[in-house]
Amino acid sequence: MSKPIVLIAEELSPATIDALGPDFEVRNTDGSDRSQLLPALADVDAVLIRSATKMDAEAIAAAKNLKVIARAGVGLDNVDVPAATQAGVMVVNAPTSNITSAAELAVGLLLATARNIAPANQALKGGAWKRSKYGGVELLDKKVGVVGFGRIGQLVAERLKGFGMEILAYDPYVSAQKAGQLGARLVTLDELLAESDFITVHLPKTPETAGLLGKEAFTKVKPSVRVINAARGGIVDEEALAEALRDGRVAGAGIDVFATEPTTESPLFEHESVVVTPHLGASTEEAQEKAGVAVAKSVRLALGGDLVPDAVNVSGGVVAEEVRPGIDLVEKLGRIFTGLAGSVPVQLDVDVRGEITEHDVSVWELAALKGIFTDISEDPVTYVNAPLLAKDRGCEVRLLTDAVSEEFRNTTTLRGTLADGTTISVAGTLTGPKMVQKVIGIDGFDLEVPISDHMAFFSYKDRPGVVGVIGRLLGDADVNIGGMQVDRDDSGTALVVLTVDNKIPADVVKAIASEVDAEVQTVDLVD
């Protein structure tokens with residue numbers, strides 16, 4: 001079989017090519033030159049770009065086999081996402097590649113404006129020793145208001161705590177408890193404006209956030225405040241900020257982003273107390289390499305039919321870091337469900353409980369379906385085709401969430417109804433710092449058994465000697481028991497769950513079922 005073709009349309013790091021691996025035919029072109037780009041797209045499966053290549057409707061139409069557009073960076077201004085979606089082309093980017101670089105630049109701008117580093121540097125290089133003119137302020141015990149307490153805002157707060165600053169946070173989508181865990185005090189925007197000695201912005205630009213720090217906001221701040229924007233141009237109204245600086249209502253600013261870019265003229269440039277940089281937030285070697293490697297991995301996943309957490313349009317979606325460890329757990333719960341049920345449910349509930357429900361856990365629904373069909377489908381099962389398999393098999397799926405989990409921090413239960421009306425449930429969780437995957441419930445039986453590659457489930461009327469018989473028969477077959485747990489219900493039915501070191505031979509399973517009069521199901525997650 002011929003290898004999938006990946007087109008590299010701009011210069012990317014060697015680590016990006018290494019991350020793609022040997023399974024693809026890699027070609028190169030100059031994506032900024034349309035006369036080269038359009039013919040080069042004709043038969044490719046994926047294209048990797050940065051900011052110079054414009055993947056518009058014309059380019060997408062020219063790529064008849066295209067499955068993935070991968071932007072090695074955060075922004076997607078040069079990708080026509082609706083056209084890609086209509087064509088069934090996945091678009092991926094690297095949303096976390098530059099978060100450290102952006103946070104560090106914000107801290108750098110804050111320090112620079114606090115200590116007047118830029119004008120002092122310029123004066124000294126111009127031959128003037130103006131030590132008294134460029135005195136600054138310390139950060140210790142000052143209040144910094146972080147507007148937008150997402151990943152970058154939290155990184156900035158973490159770094160500024162090291163300077164002994166008090167952290168105020170404004171973010172309508174973050175709870176006071178979450179902010180408190182990160183050492184910040186959640187406040188209203190008006191409170192932040194009134195109390196802060198420094199204000200740093202870390203919001204996406206939306207119709208709601210455009211001009212958020214404008215003329216009205218600058219009437220509510222201390223005259224000693226310094227404003228930092230290394231997020232998106234236009235969130236801080238540049239004209240209003242320049243006016244506030246001119247009137248002495250703001251002491252200084254550090255600005256990396258502008259409403260119109262590139263820009264070489266701004267009223268902010270007139271003020272010596274303003275430090276400006278030309279959108280350098282992601283411009284570090286490390287960020288560029290992380291972006292390239294991240295999208296290369298996404299291309300591998302996409303062309304392999306697997307879940308692509310950083311897809312922005314089709315067959316994917318952003319998956320929170322807190323949610324990702326549970327994906328593999330839920331997939332394994334799906335495989336255990338099928339092993340116990342022996343058939344596909346007509347109705348499946350994916351019931352997620354606990355604080356994890358603060359995040360979007362819809363990907364766990366895909367993981368459950370992938371697990372359920374993995375061992376019963378002739379074709380490879382992926383996160384892309386699993387919902388289609390469910391539809392074809394008449395399996396309706398619901399995702400249920402509840403913020404309360406009584407015994408564990410988070411639990412996920414797959415609860416299915418089979419065609420004959422029988423119901424089966426499998427519950428699991430992750431425990432401890434190592435996030436150990438465990439089965440914590442089977443059909444109402446309470447358990448806590450680490451998931452292993454080979455597991456066996458024995459259901460029988462409880463009586464003395466059964467466990468001994470099971471152990472003897474497995475020992476005779478040279479099958480070592482790694483772990484065991486027993487529970488029984490009010491009717492006297494017992495359930496034994498075993499983890500074993502290797503697959504139990506079919507004749508041994510049959511012998512155990514016969515000798516102890518038990519229902520036996522085995523689940524092997526590896527061959």
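This report walks through the fold of one chain, from its overall layout down to a few unusual backbone spots.

What you have here is a predicted model, in which local features need pLDDT of at least 70 and side-chain atom pairs count only at pLDDT 80 or more, while totals for chains, interfaces and linings use all residues. Residues are numbered from 1 along each chain as its sequence is written, and side-chain values use heavy atoms, with hydrogens and water left out.

**Overall layout**

The chain's secondary structure adds up to 16 helices and 22 strands; helices (H or I, at least four residues) and strands (E, at least two) are DSSP runs, numbered from the N terminus. The C-alpha trace spans about 95 × 55 × 40 Å along its principal axes. Of the 527 residues, 48% count as buried, where buried means under 20% relative accessible area, exposed over 50% and partly exposed in between, with a 1.4 Å probe and protein chains only. If you take the contacts (heavy atoms within 4.5 Å) with a separation of 6 or more, 61% of them come from residues 24 or more positions apart.

**Domains**

The chain splits into domain 1 (5-95 + 286-304), domain 2 (98-276), domain 3 (315-434) and domain 4 (452-526), with bounds from an automatic or database domain assignment. Between domain 1 and domain 2, the C-alpha centres are 35 Å apart. Four residues from domain 1 and six residues from domain 2 make the contact. About 370 Å² is buried between domain 1 and domain 2, and carbon and sulfur atoms give 46% of that; buried area is the accessible area (1.4 Å probe) that two parts lose on being put together, summed over both. On the domain 1 side, Val-74, Pro-95 and Ala-287 supply 78% of the area buried against domain 2, more than any other three residues.

**The seven-stranded sheet**

Seven strands form an open sheet in the order 8-7-6-9-10-11-12, with parallel pairing; two strands pair if DSSP finds at least two bridges between them. Strand 8 (184-186) and strand 12 (274-276) each have a single partner strand, so one side of each is left without a neighbour in the sheet. From one strand to the next, the twist averages 20 degrees. Inside the sheet, strand 9 (residues 198-201) and strand 10 (residues 226-229) run parallel and are joined by four bridges, with Phe-198 opposite Arg-226.

**Helix 11**

Helix 11 (residues 285-303) has 19 residues, which should span 27 Å at 1.5 Å a residue, and its end C-alpha atoms are indeed 27 Å apart; the expected span is 1.5 Å times one less than the number of residues. Its buried residues include Ala-287, Gly-292 and Val-299. Among the elements covering the buried residues of helix 11 are strand 1 (5-8), helix 1 (14-20) and helix 5. Just after helix 11, Gly-305 takes a positive phi of about 80 degrees.

**Unusual backbone spots**

Most residues other than glycine have a negative phi, and most peptide bonds are trans. Here are two non-glycine residues with a positive phi.

| Residue | Phi | Relative accessibility |
|---|---|---|
| Asn-116 | near 55 degrees | 14%, buried |
| Asp-517 | near 55 degrees | 63%, exposed |

Asn-116 sits in the loop between helix 5 and helix 6 (117-125), and Asp-517 in the loop between helix 16 (506-516) and strand 22 (519-524). There's also a cis peptide bond from Glu-261 to Pro-262, with omega near -5 degrees; Pro-262 is in the loop between strand 11 and strand 12.

Terms used
Axes are lines fitted to C-alpha atoms, for helices over the stretch in contact, and angles run from 0 to 180 degrees between N-to-C directions.
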